[in-house]
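User: I'd like to learn how to read a helix and its residues in a model. Could you walk me through it?

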Amino acid sequence: MAERFLPTEDPVREAVLQWTVNRDAADVRRLLTWLPDARSSREREVLMVRVRGLLDELTNALDALEAMR
C-alpha cells in the first residue's frame, strides 16, 4: 500500500482496520496450514467456513481502508 501524505480524519479507525487486516491474514494463513491435516471432511468444512468468514471480514476492512484514502 502507498504511504499517506496526510493523516486520515479518523486515525483510530484506520489503526483498528489495519490491525484487523493483519490479524485476519495471519489467521487465514494458519487455518490453511491446518487444512491438509484435518482428520475428517467435517473438520475440513469447519476450517473452510472459518476461512471464508475471515476473508469476508478482511475484504470489508480493506474496502473501508480504501474508502478512507
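Analyst: Happily; we will go from one helix to two of its residues, keeping in mind that this is a predicted model.

User: What span should the 24 residues of H1 have, and what is the distance between its end C-alpha atoms?

Analyst: The general idea is to count 1.5 Å a residue. For H1, which covers residues 11-34, that gives an expected 34 Å, and the end C-alpha atoms lie 35 Å apart, so the two values agree.

User: Is Thr-20 buried or exposed?

Analyst: Here we compare relative accessibility with a cut-off: under 20% is buried, over 50% is exposed. Thr-20 has 15%, so it counts as buried. Its neighbour in the numbering, Trp-19, is also in helix H1, but at 55% Trp-19 counts as exposed.

User: Which residues of H1 are buried, and what do they pack against?

Analyst: Besides Thr-20, the buried set includes Leu-17, Val-21, Val-28 and Leu-31, along with the acidic Glu-14, Asp-24 and Asp-27. These buried residues pack against helix H2, residues 41-68.

User: Which residues does Thr-20 touch, leaving out those up to four places away in sequence?

Analyst: Thr-20 touches Glu-57 and Ala-61. Within its own helix, the Thr-20 side chain also comes to 2.9 Å from the backbone oxygen of Val-16.

User: How far apart are Trp-19 and Ala-61, in sequence and in space?

Analyst: Sequence separation and spatial distance are worth reading side by side. Trp-19 and Ala-61 are separated by 42 residues in sequence, while their C-alpha atoms are 9.4 Å apart.

Note on methods: Residues numbered from 1 in each chain as written. Predicted model: local features only at pLDDT ≥ 70, side-chain atom pairs only at ≥ 80, totals over all residues. Heavy atoms only, no water. Helix = DSSP H or I, 4+ residues; strand = E, 2+ residues; numbered from the N terminus. Buried < 20%, exposed > 50% of the residue type's maximum accessible area, 1.4 Å probe, protein only. Polar contact = N/O pair within 3.5 Å; in protein donor to acceptor, adjacent residues only side chain to side chain. Contact = heavy atoms within 4.5 Å. Expected span 1.5 Å × (residues − 1).
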